[in-house]
Amino acid sequence: MSMTLAARIRALPFGGASRHVAWFLRRAIGGAAVLWAVTTFTFVVQSLMPGDRALLIINMAAGNITNPSQAEIDAVNAKYGFADPIAVQYLNYLWRLLHGDFGVSYQLHRPVIEIVGAQILPTIVLAFSALLTAWFIAIVMTVVLAGRANPWARFASGLQIVMATMPPYWIGTILLVTFAVFLRIFPVEGKNSLIGLVLPTVALAIPLAGFIGLVIQQEFVRVLEQPFVTSSRARGMGDFGVRLRHVLRHAVLPGVTLSGWAVGSLFSGAVLVESVFARQGIGGILVGATSARDVPLVTGIVVISAGIYVLANVLVDRAYLIIDPRIKLA
Amino acid sequence: MSRADDVGDPASRPLLRVDSLHVSFGRDARENAVVQGVSFSLAAGRCLAIVGESGSGKSVTARALVGLAGARAHVRAGALEYRGRDLTKLSERDWRRVRGKEIGFVLQDALVSLDQLRPIGKEVGEALVLHGEAGTRAELAERVIDLLKLVGIPEPALKSRQLPHELSGGQRQRALIAAALALDPQILIADEPTTALDATVQAQILELLNETRQRGKALILISHDLAVVSRMADEVLVMRHGEVVERGQAEQIFRDPQHEYTRRLLDAVPSALSRGTRLAPASAPALYAPLLYSSRDDDLRPTPTTANGPLLRAEGLVKRFRGPDGVVRTVVGGVSFDLHGGETLGVVGESGSGKSTLARLVLALERPDHGSVLLHGLPWTTVSERERQPRRRRISVIYQDPLSSFDPRWTVDRIIDDCLDGALQSSARRAERVDELLDLVALPTTYRRRRPLELSGGQRQRVAIARAIASKPSIIVCDEPVSALDVSIQAQVLDLLGDLKEQLGISYIFISHDLGVIHHFSDRVLVMSEGLVVESGDVHDVFRRPQEAYTQRLVAAVPRLRHARSTPERRLAE
Amino acid sequence: MSSSAVTLPRRVSPRIWDTIAISGRIPLRVYLAATVIAFFLASAIAPQLLQSHSAFKMDLRATLQPPSFSHLFGTDQAGRDTYSRIVSGARQSLSIGLGATALSMTVALFLGVAAGLGGRLVDGAISRFLDVLFAFPMLFLALLFVTVFGPSVTTQIIAVGLGTAPGYARMIRGQVLSARGAGYVEAAVALGHPFPKIVRRHILPNALHPLVVMMTLGVGQAVVWASGLAFLGLGAAPPSPEWGALLDAGRDYITRAWWLEVMPGVAIVAFALSVTVVGHHLQDRLEGRIDA
C-alpha cells in the first residue's frame, strides 16, 4: 500500500503534531495580518484629528488655553514628530509598535505600555469570569428547560430575550442599588478582591448569557429532533442522558463561534461596568483618556485589546475543533 | 413487572402480540388519530413488513412498539404484549430496560442516525453501558469489535475509533445495526433501513438482516419499497391513513391482493413489465389535450428545428472538481452520447457516478474541462453565456426537489408566467396560457395564487413540469424527478411525463438511480459508474442482457417484485 | 375546465402590512410593547402633552425628592422633575438611535451587498476589512472616534453607527450569499435570464427582506449604546435631558437618590425591550408566512 508523503510524516511518532503546528502557524500569520490592519486603521483615524496637536498638548499640560510661542510649538512638534510627512510618521509608528513602544501618554507623561500593563489584568479577570459565568447560566438553562412544553420553558425563552437586551451598565446599576444601598451586603466600591468581583461579573455575564442561551437553545431544540437522538433512546438512554451526553455537544457549537465575538463585547461591557462599580481596570483609564483627547493612550488600549481579541479568537477556533472533530485541521 | 414467561408452550406463544393499537396526538377536540386499530402477532424467526406511503402511520406504529411515539402521543391498545408481558402499563423506567435489550431499533440513513461527533465504537457500545453489561474498558472494547465483525465491517478495531462520516454508507448502516444488536434483542425493528443506500449496498444490508432473522430473531421491517418487502417478508401489513387495509402472508398479498389500495400500489411500481402502460388510474390530463390544439398558431409544441442530426450531441465531456481537502476528483471522465428527437435517454447510476454533474454540463450550468455539447447542431458549451441566453428556452430542467428551485416569495402563476415567451404581450393572453399549462399538468387553476410551500410534493413537481414546458422546449433534462415522491404520486407524475412526451413530442434526458423507473420510461439508457459510461444501448438489451460486469452486478442487486401478479387488465394509454 | 380570463397583478410578494393584517393571535406582550413604543414616539413628537412639569424648570424647594404622586419619578438636585426630563429627552435619544441605525444600515448594505454579489476578490477584500473592524470591541471603536473628533451628539451618532455596521454587514453578506447560491437562482439562469435581472428580481428581495426586522431590533440597540457613551460622559453636554446624559448626571447621587440613575435606565431598557419584542414578533410573522 503506497502512502503519500503527508501520510508518511503523519505516521512518524510526532508527525501528527505537524498538522497542529501548521494550523497554528496559519492562524498566527492571519492574526498578524489583522493586527497590522488594525494598527493602520487606528493610525489613519487618529491622523484625521482636527486642530493642531502641538497646541493641544501644550494646553493640556498647562491646564488651560494658552498662547505659546512658535519656538515652543516647534519643540513639541519635533518631540512628537508631527512635522514629518505622514508616511514617515506611519513607518515610525509601526516600527515603534514592533518594539512594544506604544508612545507616551499626552496627559500622564508615562509610556502607554506601562499604564496599560498595570491596569489590564483586572479587566481580563472580569471579562474571563463573566464569560465562564455566562456559559454556565446558558448551559444550565438550556439543558434543563429547552424543548420542554412546560411553562417554565416558555418563561426561560422570554427571560433570555430580556437578558440579552439589557445593557450591562443598567444591570450593574440595579445590582449596585439593590445590594449595596438597600441591602448593604456587598461593598459599593469594587475592590480587587473576590467579593468585589461578584456583582460586576454578574452584571457583565447576564446579557451574554441571554445571547448564548438564545443561540444554543435554538440549536438544542433542533438537534433534539434528529434521528441519532431517537437511536440513543432506542438503546435505553433516558431523557436527561440524551440531553447531556448527545445533544449538548452539538448545541454548543454555534455558541462557541459566538464566543469569539463575545470577547469584544465583554471588553466593551467591562468598560461600562467598571465605571458603574468604580472598579480598577482599563475602563477607567480609557474613559479618562478619551475625554482628555489623549490619543496615544486611547490608540494603545485599542490596539492592545484588538490583539487580545485576535488571540482569543484563535483559542476559540481551536476549542471548536476539539468539540467538533468532523472538521479536519486542514 | 414480570409474570412467569414460561407458562404455556413457548413455541406457540407469539413474541409480540398487538391488538387494536391506537395512537393519537393532541387532546379532546383537537385529537388527531394517527394510527388506528393495528393488530398483528409476531413469532421468532419471522419477518413482518409494514408497508405504506408517507402519512400511513407505519413509522409511528413502529415507534409506539418501543414507547417512542413521542411525549405528546396517546398510545392505547387492546393488547400490546411482549412475551406475555403487558407493555401498555410500563413506566418510562421500565421501557428503558426493554429498549435495546429486548427490542432493538434501526433507523434509516446512518449518517444522521449515529451521533456524528462520537466514534462508532462509543455508539455501538452504548447499549452495553446503559444496561450495565459493559464490564471493564478492555472487555467493552472487545465486545464492540466482535459486534462490528458480526455485521461484516472490515478492520473493526480501526473503524471503532472512527467517526461516522469517515465510513462508507454501507459500513455505517452495518454499524447502526450492530449498535441495535449489541444486547442480542429478540426483536429487531428496522425503519426504512436501506432507503439512503445504493442498490448494491442495499442488497448486502438486506442480506445481513436476513441472517439476523435466520439466527432466530424476529424482524419487523418498515418500508415503502414493495420490491424489498416482497423479498424479505413472511407476513405483510398494508397501511394507509393510519389503518391497516390489508394483512396476510406475503406471497398471497403480492400474488392476489384483495384491497383496491393494495392493487393500486402494486400497479404503480414501474418496471419492465409496466412499460407502455399507465401506472396510475386515469385522471388523465390527456382528456384536456385536444382542446389545446384548436387552431392556435402558438401552441405548445416545440419549434421544429431544421437540423437533421441529433437534437443534442455530447462529445468527450470531462469535469473535475477540487474537494475541500484539496484533492482533485474527476467527476465526469469522458462521456459522449447523442439524443435524438422524440426519444427518452435514461441515465442510470449509483451515487457518485457523475450523473447529476453530467446533467449540469448538458444544461451549460457548468463548463466542461474538456469536450463539448452541441445543441441542435450548434455549439452550446463553448460559446459565451450571452450567446446562450436566448437559446436556453429550448432546453428545460426538472429537479428532484422542486421547492428549492422556486423563489419562496412567488406564487404559482408568477412562477409559470416568468417562463412564458416574451412575445406574448397581452397580460390576458398570458393569464390564459398559464391556465392552459395548469390544466395540462392537471392542477386546478384555483392554485394559481398559492405559494410553493402550500403545495404537496407531487403538486410542486407538477408546477415544475408546467414551468418546464412553458418555454416550449425540445429537450427536458429530468434529474431524479420522482425519487422523492411516494409510489402512487410517482406513478402519476411518470404518467404525466409520458403523456407530454406523446402530445408535445418532447425528448427527455431522464436521470435516476431506480432501474425500474428507467426501464419503464426510457428508450435507450446510459449506465454510468465513477464518471464513465460503462454500457449503453436499448433499455431492454442493457437490462435483460447486460454485457459489462458492473451492469450485471447492478441489475442483480436490485430487488425485484417477487410473486408478480398476472394482470391481464393493465390500463392502456388512450 | 375553462380558463378564467383574469388580469393578474404583476407583483404578488408579501409585504410588511400583509403580514400584520394576516389573521392570527397577537400575543399580549406585543400589544404592551407597541403601547410603550407609541408612548415614547409621542414623547418625542410632542413632549408637552405628556410631561407633568416643565423639563427645565428648577424648584429649589423640592430637590432630591423620592418618587411620589406629585413627582412620578422624583426630582433631581435642582428640583427638576425626573419623569418630565425623561419625556423631553425622548426626542433626542430616539433621534440619535434612528440616526445611528440609518447610518449603520447604509454602510452595512453597501458593504454587505458588494461582498455578496462581487467576485471572490471583492468579497475577500471586504471580508478582510470587516474582520479588522470586528477586532475592535464596539465601544472601543466608538471611543476612538470620540477621542479624535471630540464628544458631541454627532460623534455619538457616527461612533455608534460605524461601530454596529460591521455586524450588520456580515449578516447581509451572509443573506446575499445564500440567496445567490439558492436553487431558484440557478433555475433562473437555466431559463436564460441575465444576471442583473436575477439580482433585481430574486437575490435582493430574498436577501433583504429580513432587513426591516434587523433595523427594528437595531434601533433598540443603538439607543442603548448611545446612552452608554453618554453615560461615560462622552455624549451631549448637560443639562441635556437625553437619557444617557441623565444617567451620567445621576451617577453621583446613586446612594442618596437612586431614582435619578435608575429611572432613565428604565426608560432606555423599556424602549429597547419593546422594540425587541415587536421586532421578534415581526420576524416570526415574516418567517412563518414564508416558511410555513
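How many residues of chain B are in contact with chain A, and how many of chain A with chain B? The count is 24 residues of chain B against 20 residues of chain A. Keep in mind that this is a predicted model. Below, we start with that contact, then look at chain B as a whole, move on to the two domains of chain A, and finish with chain C.

**Where chain B meets chain A**

- On the chain B side, three helices give two or more residues each: H2 (92-98), H3 (110-113) and H4 (120-130).
- H4(B) makes the largest share of that side, with three residues.
- Sorted by class, the chain B side that touches chain A has 11 nonpolar, five polar and eight charged residues.

**Chain B as a whole**

- Chain B has 21 helices and 21 strands.
- Picture a box around its C-alpha atoms, lined up with the principal axes: for chain B, that box is roughly 85 × 55 × 45 Å.
- How does the radius of gyration of chain B fit with that of a compact globule? For 574 residues, a compact globule would come out near 25 Å, and chain B has 26 Å, so the two agree.
- The domain assignment splits out two parts of chain B: domain 1 covers 103-184, while domain 2 is written in two pieces, 305-407 and 473-573.
- Between the C-alpha centres of domain 1 and domain 2 of chain B there are 38 Å.

**The two domains of chain A**

- In chain A, the assignment gives domain 1 as 15-98 and domain 2 as 113-323.
- Their centres, taken over C-alpha atoms, are 32 Å apart.
- These two domains of chain A touch: 11 residues of domain 1 are in contact with 11 residues of domain 2.
- Looking at the domain 1 side, helix H2 (16-47) and helix H3 (53-62) of chain A each supply at least two residues.
- Which helix gives the largest share of that domain 1 side? That would be H2(A), with eight residues.
- By class, the side of domain 1 of chain A that touches domain 2 has six nonpolar, four polar and one charged residues.

**Where chain C meets chain A**

- Here the contact takes 34 residues from chain C and 41 residues from chain A.
- Four helices of chain C give two or more residues to this side: H5 (120-134), H6 (138-149), H10 and H12 (259-291).
- H12(C) provides the largest share, nine residues.
- The chain C side divides into 24 nonpolar, eight polar and two charged residues.

**A helix pair inside chain C**

- Helix H10 of chain C turns up again here: H10 (residues 211-231) packs with helix H7 (residues 153-180) of chain C, their axes 10 Å apart and at an angle of about 140°.
- Why is H7(C) called oblique to H10(C)? Because the angle of about 140° is not over 145, the cut-off for roughly antiparallel, and is outside 65 to 115, the range for roughly perpendicular, H7(C) counts as oblique to H10(C).
- The crossing of H7(C) and H10(C) is right-handed.
- From H7(C), the contact uses C:Gln156, C:Ala159, C:Val160, C:Thr164, C:Tyr168 and C:Met171.
- From H10(C), the residues in this contact include C:Met214, C:Gly218, C:Gln221, C:Ala222 and C:Trp225.
- The residues of this H7(C) and H10(C) contact are 10 nonpolar and four polar, with no charged ones.

Definitions and conventions. Residues numbered from 1 in each chain as written. Chains lettered and ligands numbered in written order. Predicted model: local features only at pLDDT ≥ 70, side-chain atom pairs only at ≥ 80, totals over all residues. Axes fitted to C-alpha atoms, helices over the stretch in contact; angles between N-to-C directions. Parallel < 35°, antiparallel > 145°, perpendicular 65-115°, else oblique. Left-handed = near helix turned anticlockwise from the far one by under 90°. Contact = placed C-beta atoms within 7 Å. Nonpolar A, V, L, I, M, F, W, Y, C, P; charged D, E, K, R; others polar. Domains from an automatic or database assignment. Rg over C-alpha atoms; globule rule 2.2 N^0.38 Å.
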